[in-house]
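Subject: Structure handover

Hello,

Here is the structure I said I would pass on. My notes on it follow below.

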Amino acid sequence: MRLDTLTNSIGEWLRGTGPDSDIVMSSRVRLARNLAQFPFVSRATEQDRADTERVLRERIAAVPVGRELDYIDVGHLEEIDRRFLVERQLISREHADAQGARGVAIDRLEQVSLMINEEDHLRIQCMHSGLDLHGAWEQIKVVDDQIERVVSYAFHPRWGYLTACPTNVGTGIRVSVMLHLPALVITRQIDKVFRSLHKISLAVRGLYGEGSQAMGDFYQISNQTTLGRTEDELVQQVADVVPVLIDYERRARDFLVRETQQNVHDQVSRAYGILRTAQTISNEETMQLLSRVRMGVLLGLIGDVKLSDINSLLIRTQPAHLQKLRGGDEDSSDDIERARYLRHHFEGGDSPSRSTAN
Amino acid sequence: MKCQQCDNPAVFHITELEAGNVREVHLCEEHARVYLNQSEGGDGGEPGEPGAGEGKGQKGGALSGPLGVGQTAEDLAVLDKRCCDMCGITFFEFRNQGRLGCPHDYLQFEKELDPLIANIHGATEHTGRRPSRPVPAGVDAESGTDGLTAIIGLRRGMKEAISREDYESAKEARDAIRGIEDAWTPPAAKAGEENA
C-alpha cells in the first residue's frame with residue numbers, strides 16, 4: 001500500500017461522525033496478545049522477532065478478519081513514514097521507535113490495525129469515530145477469534161492472556177475514548193473531573209497515549225485494570241462514564257455561552273484570526289487554537305468553517321503529514337510551512353502543497 | 001494505578017519502613033530505577049549482587065511491599081538471581097525493566113508476581129474470554145499453553161548443545177521441538193499451510 005494515498009483522507013478517528021462526535025472524537029478497543037512459543041519482544045533475539053513477525057504475518061493473511069488488510073513492513077519504513085502512522089494513531093510511538101522485525105496490518109478505512117512486535121507480539125486495535133465502544137468491541141472480537149483459529153496465544157487458566165507487562169495480563173484489553181473537553185479546561189473543572197476518574201480506576205492520557213501530554217484539550221480516558229473483570233464489564237466501565245463527561249462538557253459549554261458569551265466569542269475569534277494570519281506557528285499552538293475554533297464552530301460562534309475542516313486540519317498540520325503534503329520542500333521550517341498551509345486553507349484552497357503525490 | 005512522579009503506569013509498589021512509619025510508594029519503571037538508585041546511594045553497585053543493600057536495610061525495605069513481609073536483603077539477593085527455566089530472565093532483570101521475558105515467567109515467579117498483580121489489578125483470577133480451541137491430547141489443561149512455551153527452553157538448550165558440539169543432545173532437542181510444534185499447530189493453520 002502507498003502511504004501517500006492516505007494523506008488525502010483524514011482517518012477514522014478524525015472523521016468527525018458517529019454519536020456524540022461533537023465531544024467524543026473516537027472510541028477504541030485494543031487487545032494485547034502473545035504467541036506461546038516465543039519469548040516476549042523485549043527478551044527476544046533478532047531471530048525470534050523475525051520468526052514471530054513471519055508467523056503472525058503469514059497466518060493473519062490466511063484468515064478472514066472481516067476486512068481486507070494491507071501489511072506495512074514498519075522495520076523498513078523511513079522515519080517520516082513511521083511518524084505519519086503514529087500521527088494517524090495506526091501504530092504507537094514505541095512501535096515506531098523500536099528495532100528489528102515489526103509491522104502493521106491496517107484496513108482501508110483505518111478502523112482495524114494489527115501491530116506485530118510492539119511491546120507484545122500482537123496488539124489488535126479497532127477504532128470507530130464518535131462514541132461507539134460496543135461497535136469497536138464487537139468488531140475486535142471477530143478479529144481476535146479469527147486469528148486465534150490459526151495461532152496459540154499464550155494463556156493460563158488463572159492468569160488469562162499472558163502479556164509482557166503484568167499491567168495488561170488477563171483480558172489484555174484497553175478500552176478508551178478520545179474526548180474534546182475545551183469548556184471543562186476553560187472553566188477550570190478539568191482537574192476535578194480527572195481526580196474523580198482516578199478514584200474509579202480510570203486513566204487519563206494525552207492525545208498520543210501513554211506518557212504523552214494533553215494537546216489541544218484532547219484527552220483519552222481508559223481502563224487501568226485488565227484482570228478480574230470480563231471484557232464486557234471493562235467496556236461497560238468506560239462506556240458508563242462517558243455520558244457523564246459529555247454532560248459535564250455540554251453544561252460547561254452552555255455556561256460559557258450564557259455567562260461569558262462576549263469573552264468566549266472573543267477567544268475563539270482571536271484563535272481563528274491567528275490561524276488565518278500567522279506567519280509561523282508551532283504544532284502545539286495550532287492544536288490549541290484549532291481546539292478553540294472547533295468549540296466556536298460547535299457553539300455557533302463561527303459560521304463559515306465546517307467541523308470536518310477543523311478535524312482535517314488537526315491531522316494535516318502534524319509534522320509528518322505536513323512534510324508529506326508539502327512535497328519535500330526543505331527550504332523553510334515546519335512552523336513556517338504550517339502557517340502557510342493554514343493561511344492557504346482558510347483562504348479557500350484545498351491544499352497549498354506543490355505536490356501531494358510523492 | 002499511576003506513577004506518583006508521572007503519568008505512566010506504576011509497576012513498582014514499594015513499602016518503606018522508616019523509624020516505625022510505613023510509607024507506600026508507587027512508581028513507573030523509570031522513576032523506580034531512580035528511586036532505588038537513591039536508596040542504594042548512587043549508581044555504583046548492582047542491587048542484585050550479593051551483599052548489596054546489606055546492613056542498610058534500604059533495599060529490603062524498598063521491596064518488602066510486593067514481595068511479602070519479613071524478607072531480608074539476603075533473601076532478595078537470592079530471589080533476584082533466580083531465573084526462568086525457559087527464557088533465562090532473572091527476577092532482577094524483570095524488576096529492573098518491568099517487562100517479563102516469556103509466558104512461563106508467570107509460573108516460574110508465580111509466588112512473587114501474585115502480590116504484585118493483586119496490587120495492580122485488585123484481583124488474581126481471570127474471568128474474561130478464553131481460547132475456544134482445546135489443548136492438545138495428553139496436555140494438562142490447567143497448565144494452559146505452558147507446554148508450548150517449553151519450546152523456548154528447548155531452543156536455548158539446542159543452541160548451547162551446538163556450541164559445545166554435543167550434536168546428539170542438539171538433535172534430541174530439535175526433535176522434541178518438532179513434536180511439540182506439531183501437536184500444538186492449530187488444525188486451521190495446518191490446513192492453510194497445506195493449501196499454500
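In which loop of chain A is the place of A:R188? The loop in question runs between α5 (182-186) and α6 (190-199) of chain A. Please keep in mind for this and for everything below that the model is predicted. A:R188 is not a glycine, yet its phi is positive, at about 60°. With a relative accessible area of 76%, over the 50% cut-off, A:R188 counts as exposed.

Chain B has a residue of this kind as well. B:E165 is other than glycine and has a positive phi near 60°. The residue sits in the loop between α7 (146-163) and α8 (167-184) of chain B, and its relative accessible area of 59% makes B:E165 exposed.

Now the chains as wholes, beginning with chain A. Its secondary structure consists of 11 helices and 10 strands. The C-alpha trace covers about 60 × 50 × 30 Å along the principal axes of the chain. For 358 residues, a compact globule would be expected to have a radius of gyration near 21 Å, and the 21 Å of chain A agrees with that. Buried residues account for 62% of the 358 residues in chain A. If one takes the contacts in chain A between residues at least 6 apart in sequence, 71% of them join residues at least 24 apart. The exposed surface of chain A is about 13,500 Å², with 47% supplied by carbon and sulfur atoms.

Chain B has 9 helices and 2 strands. Read from the N terminus, the order of elements is β-β-α-α-α-α-α-α-α-α-α. Of its 196 residues, 43% are buried. In chain B, 42% of the contacts with a separation of 6 or more are between residues 24 or more positions apart. Its accessible surface is about 10,100 Å², and carbon and sulfur atoms hold 51% of that.

Next, the nonpolar cores. The largest has 88 residues, and those that touch the most other members are A:L114, A:L122, A:I124, A:I147, A:V177, A:L197 and A:V242. Helix α7 (residues 231-277) of chain A gives the largest share of this core, with 15 residues. Another core lies apart from it and has 30 residues, including A:F40, A:W159, B:F91 and B:W184. As for A:L122, residues up to four places away in sequence aside, its contacts include A:L31, A:L56, A:I60, A:L114, A:I147 and A:Y153.

A:Y153 leads on to the aromatic residues. Over all chains, the structure holds 7 aromatic pairs. One of them is A:Y153 with A:Y161: the ring centres are 6.0 Å apart and the planes stand at 80°, so the pair is edge-to-face. Both partners are buried, A:Y153 with a relative accessible area of 2% and A:Y161 at 1%. Another pair, A:W159 with B:Y106, is tilted, with 6.1 Å from centre to centre and 45° between the planes. A:W159 belongs to the loop between β6 (155-156) and β7 (160-161) of chain A, while B:Y106 belongs to helix α5 (residues 105-108) of chain B, so this pair joins two chains. A:W159 and B:Y106 are buried too. A:Y153 and A:Y161 also form one aromatic cluster together with A:F155.

On the cysteines there is little to report. How many disulfides does a search of the whole structure find? The count over all chains is 0. B:C84, for example, is in no disulfide, and the nearest cysteine sulfur, which belongs to B:C102, is 3.8 Å away. A disulfide would need the sulfur atoms within 2.5 Å, so this pair does not qualify. B:C84 is buried, with a relative accessible area of 1%. A:C165 is likewise buried, at 2%.

One last residue is B:E93, in helix α4 (residues 91-97) of chain B. Its relative accessible area is 26%, which makes B:E93 partly exposed. Neighbours within four places in sequence left aside, B:E93 is in contact with A:R43 and B:G88. B:C83 is 10 residues from B:E93 along the chain, and the C-alpha atoms of the two are separated by 9.1 Å.

Regards

Technical notes
Residues numbered from 1 in each chain as written. Chains lettered and ligands numbered in written order. Predicted model: local features only at pLDDT ≥ 70, side-chain atom pairs only at ≥ 80, totals over all residues. Heavy atoms only, no water. Helix = DSSP H or I, 4+ residues; strand = E, 2+ residues; numbered from the N terminus. Buried < 20%, exposed > 50% of the residue type's maximum accessible area, 1.4 Å probe, protein only. Contact = heavy atoms within 4.5 Å. Areas by Shrake-Rupley, 256 points an atom, 1.4 Å probe, with all protein chains shown as cover. Core = buried A, V, L, I, M, F, W, Y, C linked by side-chain atoms within 4.5 Å. Rg over C-alpha atoms; globule rule 2.2 N^0.38 Å. Phe/Tyr/Trp six-rings, centres within 6.5 Å; stacked < 30°, edge-to-face > 60°.
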